[in-house]
Amino acid sequence: PQGIGSPSVYHAVIVIFLEFFAWGLLTAPTLVVLHETFPKHTFLMNGLIQGVKGLLSFLSAPLIGALSDVWGRKSFLLLTVFFTCAPIPLMKISPWWYFAVISVSGVFAVTFSVVFAYVADITQEHERSMAYGLVSATFAASLVTSPAIGAYLGRVYGDSLVVVLATAIALLDICFILVAVPESLPEKMRPASWGAPISWEQADPFASLKKVGQDSIVLLICITVFLSYLPEAGQYSSFFLYLRQIMKFSQESVAAFIAVLGILSIIAQTIVLSLLMRSIGNKNTILLGLGFQILQLAWYGFGSEPWMMWAAGAVAAMSSITFPAVSALVSRTADADQQGVVQGMITGIRGLCNGLGPALYGFIFYIFHVELKELPMTGTDLGTNTSPQHHFEQNSIIPGPPFLFGACSVLLALLVALFIPEHTNLSLRSSSWRKHCGSHSHPHSTQAPGEAKEPLLQDTNV
C-alpha cells in the first residue's frame, strides 16, 4: 500500500498545517501586490477575486466530495492542495496571472472537505470530536505564526524570499501527500463502477438549501446564519487590507493582530464557550455572540484610530462563539437522522456567504469611494504610532462603511434569533431526502454527501 504507516489523523494535520502555513507567509506581500496591481479600485477587485473563489468553491465542493467517495481521498487531497497552492509562485512572475489563478482555483480550494472526510474514514464516532479539534487547532496555529514570520522575512530579506519559501513549503506538502499519506478509504468501500454512483443529487450544491423552508425552526436558524455570516465572510476578505492601507498598520502590526485575534478566538471557542453553554444556555449564548459581533462591526465601522481596531479585535474573538453555539442548538434539537441534513443546510448557507460576502464588501467600499491614493508605508514604519491618513474622498463620513452595513445585518440576525425556541424537535417533511442521505452518506458519518465538513459545524465539542 502507498504511504507511510496506516492512515492517521496526523497525516491530515500535517497536510493542513503545511498548506495554510505557506499561504499565511504571503499575508503581508499579498496586500502590497494587490494594491500595486489594482491601484485605483483595490477593495473592489479584492472583493471580486475572493467572491469568485468563494462561489466556485461552493459550487464544486459537493462534486469533489462525491468523487472522493469513489476514487479515494488521497488523489483528491493531492488535487486540492496542488490547485490551492498553484498561484503562490505566480506572485512574483505575473501578478495579473496570480490573482486570475486564485479566482479559478476556487474550483479545487476545498481541502478541508476532503481532509474531514479522510478523518471520518479512520475514526470512530466517539473519537471524531478530538480528531476534528486537532485539525482545527492546527489550522489556527498555522495562521497564528506564519503571517508574523512572513512579515519579518519580507522586511529583512525582501518579499521574493518569502514567495520562494512559501512555494517550497507548498511543494513539500505535495510531496508529503505523494510519498507519506496512505489512502484512508478501503478498496472494499469503493463502488465497483466508477461512473454509476455519481448523480446530480450528490453534486448539486443547492440540494441542502432546497430544504430550508420545510421547517419554521430550520428557516429561522438558516436566516440567522445567513445574516450574521455574510458580513463576517466579507470582513475576512478585506479587513487586513483595510488595516494595512487605510488604518496604516505596518506589516508587523497586521501579523501581530492576526496572531492575537487567533489566540483569543481559540480561547473563546473552547473555555469561554463551554462556560457560557453551561451557565446561560444555548440560545442565550447565540444571542450573546451576535451582540458581540454587532459591537465589533460597529467599532470597525466608526473607528478611526489604530487602538480602536485592537480593542474591536478582542470583541471579534468573543463573537466567534456564535457558530459553535448554533451547531450545538441544531445537534440537540434535530432528530438523529436529520443531523446531516440540517448541518448541511447551515454549511451550504456559509458556503454561499463565502462568495457573496467579499463581493458585497468590495462593492460597498467602491460606492463609498474608499480607495487608496498612495503606496502603503514600508514595514519599518510602526502603524500603531502613526496617525491614520484616510486617502479617500472627503464626503465619506464613515471610515469603514461596509462594517457598519454588516452591523445592521447582524442586528437583523439577532432579532430573528430571538424567535428560535430553546428546546424543540426539528422535523423535515421529506422522506425522499432522508432516503437519499441514507443511501449515499459515508458509513462512518451522519453527514450529507455534499456537506463541507467544517469542524465547528460538525461537532459541538470542538
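**Exercise 1. The second largest cavity**

Which element gives the most to the lining of the second largest cavity, and with how many residues? Work through the cavity search and the lining.

*Solution.*
This is a predicted model, where local features need pLDDT of at least 70, side-chain atom pairs count only at pLDDT 80 or more, and totals for chains, interfaces and linings use all residues. Residues are numbered from 1 along each chain as its sequence is written, and side-chain values use heavy atoms, with hydrogens and water left out.

Step 1: fix the term. A cavity is a set of points, on a 1 Å grid over the protein atoms alone, where a 1.4 Å probe fits but cannot get out; lining residues have an atom within 4 Å of a point. Grid points are joined across faces, edges and corners, and a volume is the space filled by probe spheres set on the points.

Step 2: run the search. Over the whole structure, two cavities of 30 Å³ or more turn up. The second largest cavity has a volume of about 30 Å³.

Step 3: list the lining. The second largest cavity is lined by I221, T224, V225, I286, V326, L329 and I420. Two or more residues of this lining come from each of α11 (216-245) and α15 (322-333). Helices here are DSSP runs (H or I, at least four residues), numbered from the N terminus. α11 gives the most, with three residues.

Step 4: sort by chemistry. Six residues of this lining are nonpolar, one is polar and none is charged. The classes are: Ala, Val, Leu, Ile, Met, Phe, Trp, Tyr, Cys and Pro nonpolar; Asp, Glu, Lys and Arg charged; the others, Gly among them, polar.

**Exercise 2. Helix α12: a patch and a salt bridge**

Find which residues form the nonpolar patch, and which residue forms a salt bridge with R155.

*Solution.*
Step 1: the patch. V260, I263, L264, I267, I271 and L275 form a nonpolar patch on the surface, with about 490 Å² of accessible area together. Patch residues have over 30% relative accessible area and no salt bridge; nonpolar side chains (Val, Leu, Ile, Met, Phe, Trp, Tyr) are joined within 5 Å. Areas come from the Shrake-Rupley method with a 1.4 Å probe, and for residues only the protein chains shown count as cover.

Step 2: one member. I267 lies in helix α12 (residues 251-279). I267 has a relative accessible area of 38%, so it is partly exposed. The scale: buried is under 20% relative accessible area, exposed over 50%, partly exposed in between (1.4 Å probe, protein chains only).

Step 3: the salt bridge. The whole structure yields one salt bridge (a side-chain nitrogen of Lys or Arg within 4 Å of a carboxyl oxygen of Asp or Glu). E252 pairs with R155, and their closest N and O atoms are 2.6 Å apart. E252 is in helix α12 and R155 in helix α8 (residues 128-157), so the pair ties together parts 97 residues apart in sequence. Side chains of opposite charge can pair when their charged atoms come close.

Step 4: exposure. E252 is partly exposed, at 24% relative accessibility. R155 is partly exposed too, at 40%.

Step 5: a contact of α12. V272 also sits in helix α12. V272 is partly exposed, at 23% relative accessibility. The C-alpha atoms of V272 and M318 are separated by 8.4 Å, with their positions 46 residues apart along the chain.

**Exercise 3. Burial and backbone**

Why is helix α2 largely enclosed by the rest of the structure? Then check a loop residue and a glycine.

*Solution.*
Step 1: α2. Ten of the eleven residues of helix α2 (residues 27-37) are buried, so the rest of the structure largely encloses the helix. Among the buried residues are T27, P29, L31 and H35.

Step 2: K248. This residue lies in the loop between α11 and α12. K248 is buried, with a relative accessible area of 3%. Phi of K248 is near 60 degrees, a positive value in a residue other than glycine.

Step 3: G355. Helix α16 (residues 339-367) holds G355. G355 is buried, at 2% relative accessibility. G355 and S57 are 298 residues apart along the chain, yet their C-alpha atoms are separated by 8.3 Å.

How values were computed: 1 Å grid on protein atoms, 1.4 Å probe; cavity = no way out; pocket = protein on both sides within 12 Å on 5 of 7 lines; lining within 4 Å. Patch = residues over 30% accessible without salt bridge, like charges linked within 9 Å, V, L, I, M, F, W, Y side chains within 5 Å.
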